[in-house]
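Welcome! Please take a moment to look over the structure shown here, and then read on for a short tour of how its parts meet.

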Amino acid sequence: MESVDDLIRKIQPYFSELSVGDLMSSPVVTVREDQRINEAKELLRTRRISGLPVIDDGGRLKGIISIEDIIHALENNMLNSNVSEIMTKNVVCLTKDEKIMDAFKKFEMYGYGRFPVVDENKNVIGIVTKYDLMIALLAKLSVLYVHDARREQFVGVEIYRSIPKNVKIVREEFEFQIDYKDISMAGTGASELKKFLISKNFPPKFVKRVAIATYEAETNVVIHSNSTGRIKAYIEPEFVEVRVNDNGKGIENIDLAMKEGFSTAPDYVREYGFGAGMGLANMKRCADRMVILSSKGNGVFVEMHFWRHEDEN
Amino acid sequence: MKIEELKDLGFEMVSDGDGEIDHGYACDLLSEVMGKAKPDTVWLTVQSHINIIAVAAITGIRAIILCNDHKFDEETIQRAKKEKIALFKTALNTFEACGKIYQKGIR
Ligand SMILES: Nc1ncnc2c1ncn2[C@@H]1O[C@H](COP(=O)(O)OP(=O)(O)OP(=O)(O)O)[C@@H](O)[C@H]1O
Ligand SMILES: [Mg+2]
């Protein structure tokens with residue numbers, strides 16, 4: 001298999017017009033230089049990220065700390081020391097007007113996984129990871145679609161996913177095999193998931209959101225894929241992740257498929273009321289985050305995240 | 001509105017269900033219904049295929065009225081009973097049937 005770096009190099013011409021500001025994540029989760037390493041560790045864990053820019057009181061970039069740094073600190077019993085003691089100090093940064101091509105070069109040259117984006121006063125305004133670059137590039141090629149309501153609404157809000165320390169999260173699972181040969185079974189998996197979530201005491205409004213999105217993904221497998229598929233769900237107290245995938249014919253152009261009203265549904269299923277071309281739009285509306293990965297002949301992979309909203313409790 | 005009250009409006013009950021009705025919705029495209037129908041809704045459609053039950057169960061639709069004298073598939077009726085979703089039929093077209101329910105104050 002090709003390495004990420006090879007792939008990135010090959011596809012970089014597609015990006016000539018994009019700049020760092022177009023694809024950086026913002027606002028950024030950061031840690032202050034006088035915070036303890038243990039706190040940085042918790043931030044990485046609860047936010048599920050792999051590195052943190054370190055800032056001073058004025059928000060200016062002082063360094064960067066990664067999971068590897070934390071592991072070293074753990075080994076050396078340094079969890080109570082200040083972040084500044086183990087952070088990397090000479091940080092290579094990007095600016096928001098820098099071209100993506102130049103960002104690619106920095107990734108290649110330095111081998112780091114992430115680069116903070118700073119303004120002229122060294123204030124951290126964003127971050128770009130290798131993962132962000134991959135996502136942007138796949139989206140550009142229309143094999144990937146990302147919708148992320150969280151970016152606007154939740155990230156940067158302090159209480160966002162603040163999981164109490166030392167509470168072990170039990171991840172429960174739900175699994176369902178999709179039978180594509182029997183159109184009358186379409187929606188069975190989503191109905192089962194709905195019952196499962198109700199039995200776990202999730203509130204009805206939240207469950208409806210998850211069930212609608214899952215139903216749409218499931219019926220798409222039945223109607224379009226011509227292959228078997230699977231629904232998988234993981235649940236946490238405040239969060240549900242649903243993955244629906246098939247091994248079927250795939251989607252040629254995801255951007256086009258996302259358009260409301262676009263449908264390639266065959267006539268015989270249209271008679272049953274499918275084919276409004278609203279399924280993917282419904283999924284996008286219901287999920288807080290949705291990622292679709294597909295290309296012709298390679299099936300479809302859908303991952304959706306649902307957080308409990310305040311008005312759903 | 002109670003589900004039985006739909007009988008008083010002249011709709012023929014095919015199978016009974018649970019709950020009360022607060023809203024109405026009319027459409028034959030499943031994912032439109034999926035996206036827009038509110039909970040505790042009576043849904044007017046010409047679709048009789050079993051998939052309508054999954055749509056109803058997931059959105060919280062309580063009753064389905066099949067218009068234009070269409071007939072429910074037997075497996076649709078069985079599934080509806082299992083999910084406790086009421087089924088009705090009528091010879092009226094969707095527009096006329098909606099009118100009757102609208103007059104009762106259902107939106
Ligand atoms: N699992 C899949 N495999 C292959 N193609 C898919 C798959 N899911 C979606 N598509 C493509 O994306 C298009 C849009 O999907 P969407 O769910 O929005 O509409 P639809 O399924 O055609 O109609 P509706 O969902 O309103 O009944 C489909 O018509 C199909 O071409
Ligand atoms: Mg669909």
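The side chains of B:Glu83 and A:Lys195 form a salt bridge, with 3.6 Å from N to O. How many salt bridges are there between chain B and chain A? The count is one. Polar contacts link the two chains as well, with 10 residue pairs counted between chain B and chain A. On the side of chain B that touches chain A, helix H2 (30-36), helix H3 (51-59) and helix H4 (74-83) of chain B each give two or more residues. That side of chain B divides into 10 nonpolar, six polar and seven charged residues.

Keep in mind that this is a predicted model. In it, 25 residues of chain A are in contact with 23 residues of chain B. About 1800 Å² is buried between the two chains, and 52% of that lies on carbon and sulfur atoms.

Now for the ligand. Ligand 1 is surrounded by residues from chains A and B, so its site is shared between chains. Of the 20 residues around ligand 1, those that come nearest are A:His224, A:Ser263, A:Thr264, A:Gly275 and B:Ser31. Here are some polar partners of its oxygen atoms:

| Partner of a ligand 1 oxygen atom | Distance |
|---|---|
| A:His224, side-chain N or O atom | 2.7 Å |
| A:Gly277, polar backbone atom | 2.8 Å |
| A:Leu280, polar backbone atom | 2.9 Å |

On its own, ligand 1 has 590 Å² of accessible area, and the protein covers 96% of this. The largest share of the shell around ligand 1 comes from H9(A), with four residues. Eight nonpolar, 10 polar and two charged residues make up that shell.

Conventions
Residues are numbered from 1 along each chain as its sequence is written. Chains are lettered from A and ligands numbered from 1 in the order in which they are written. This is a predicted model: local features need pLDDT of at least 70, side-chain atom pairs count only at pLDDT 80 or more; totals for chains, interfaces and linings use all residues. Side-chain values use heavy atoms; hydrogens and water are left out. A residue is near a molecule or strand if one of its heavy atoms lies within 4 Å of it. A polar contact is a pair of N or O atoms within 3.5 Å; within protein, one must be able to donate a hydrogen and the other to accept it, and residues adjacent in sequence count only if both atoms are side-chain atoms. Accessible areas come from the Shrake-Rupley method with a 1.4 Å probe; for residues, only the protein chains shown count as cover. Ala, Val, Leu, Ile, Met, Phe, Trp, Tyr, Cys and Pro count as nonpolar, Asp, Glu, Lys and Arg as charged, and the others, Gly among them, as polar. Contact means heavy atoms within 4.5 Å. Buried area is the accessible area (1.4 Å probe) that two parts lose on being put together, summed over both. A salt bridge is a side-chain nitrogen of Lys or Arg within 4 Å of a carboxyl oxygen of Asp or Glu.
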